[in-house]
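Subject: Structure handover

Hi,

Here is the structure I promised to pass on. Please open it alongside this email.

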Amino acid sequence: MFSRTESLKQYIKWYPVTAVLICIHIILVGLMEWFGSSQDTVTLIQFGALYDLPNLEPEAWRYFTAMFLHIGFAHLLFNCFALYVFAPPLERILGKWRYALFYLVCGLAGNLVSAWFHQDYFVSAGASGAIYGIYAAYLYLAVFRKDIIDHQTKQVVLTIIGVGFIYSIVVPDIDIYAHLGGFLGGLAAMALIVLFIKRRTRRSA
């Protein structure tokens, strides 16, 4: 399921939302580097990062914009690679519009939980919340829709989730709250989507 053998042209045609998301991430980091640095606090805030700083109240729109920004090239590369490999099957399963909404909901959930649980001052950005929501969607399908996720894919998903959360705890400066929020948001959103599809199917039957 996660083996990417498509050509670039096929990838863009089959997974347009994921392709656009990756392009947005790359372009925004490029712009931040052009105008300052993607690792500079002032530049991050100017481009829409989420923050909690003394005497400053973040605008509500930052909970959305922060999910499209990244802090440094390593952060960008890691998240874009995760999207490139793991997101396409979910886009095919949900369809591009449901998938786009799902991605935004998970990213928003991650940023809300991050802001809620942070006790110290912070500046936050990244697609990790949405990416962990994608992992959660596969876990939900592996448990409740075994006709979609085979056993081997389930083992891969469990490994990714386990390693991901261990990495989030062990490595400093990783926003585990955003990861957890996106993951829980992904489970809830996927449950609602499956319920919606089941009800619509029953009505049309």
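Below is what I found, from the overall fold down to the aromatic rings.

Please keep in mind that this is a predicted model.

Overall fold

The protein has nine helices and two strands. Along the sequence they run α-α-α-β-α-α-α-β-α-α-α. The radius of gyration is 17 Å, close to the 17 Å that the globule rule gives for 205 residues, so the protein is as compact as a globular protein of that length. The C-alpha atoms fill a box of roughly 55 × 40 × 35 Å along the principal axes.

Contacts reach across the sequence. Take those between residues at least 6 apart: 74% of them join residues at least 24 apart.

Inside and surface

Of the 205 residues, 46% are buried. The exposed area is about 11400 Å², and carbon and sulfur atoms supply 66% of it.

On charge, there are 15 positive and 12 negative side chains. The centres of these two sets lie 22 Å apart.

Aromatic rings

A pair of aromatic rings is described by the distance of the centres and the angle of the planes. The count here, with ring centres within 6.5 Å as the cut-off, comes to 14 aromatic pairs.

Start with Tyr11 and Tyr84. These two rings are stacked, at 4.5 Å centre to centre and 15° between the planes. An angle under 30 degrees counts as stacked. The pair links distant parts of the chain, 73 residues apart. Tyr11 sits in helix 1 (residues 8-14), and Tyr84 in helix 5 (residues 73-94).

Buried or exposed? For Tyr11, the relative accessible area is 2%. That is under the 20% cut-off, so Tyr11 is buried. Tyr84 has a relative accessible area of 32%, so this residue is partly exposed.

Next, look at Phe165 and Phe183. This pair is edge-to-face, with 5.5 Å centre to centre and 85° between the planes. Again the pair links distant parts of the chain: Phe165 is in helix 8 (residues 151-170), Phe183 in helix 9 (residues 176-204), and they are 18 residues apart. Both residues are buried.

Which residues join Phe165 and Phe183 in one aromatic cluster? They are Phe2, Phe86, Tyr132, Tyr135 and Tyr138.

To find these spots in the viewer, select Tyr11 and Tyr84 for the stacked pair. Then select Phe165 and Phe183 for the edge-to-face pair.

Best wishes

Notes:
Residues numbered from 1 in each chain as written. Predicted model: local features only at pLDDT ≥ 70, side-chain atom pairs only at ≥ 80, totals over all residues. Heavy atoms only, no water. Helix = DSSP H or I, 4+ residues; strand = E, 2+ residues; numbered from the N terminus. Rg over C-alpha atoms; globule rule 2.2 N^0.38 Å. Buried < 20%, exposed > 50% of the residue type's maximum accessible area, 1.4 Å probe, protein only. Contact = heavy atoms within 4.5 Å. Areas by Shrake-Rupley, 256 points an atom, 1.4 Å probe, with all protein chains shown as cover. Lys, Arg positive; Asp, Glu negative; His and termini not counted. Charge placed at Lys NZ, Arg CZ, Asp CG, Glu CD. Phe/Tyr/Trp six-rings, centres within 6.5 Å; stacked < 30°, edge-to-face > 60°.
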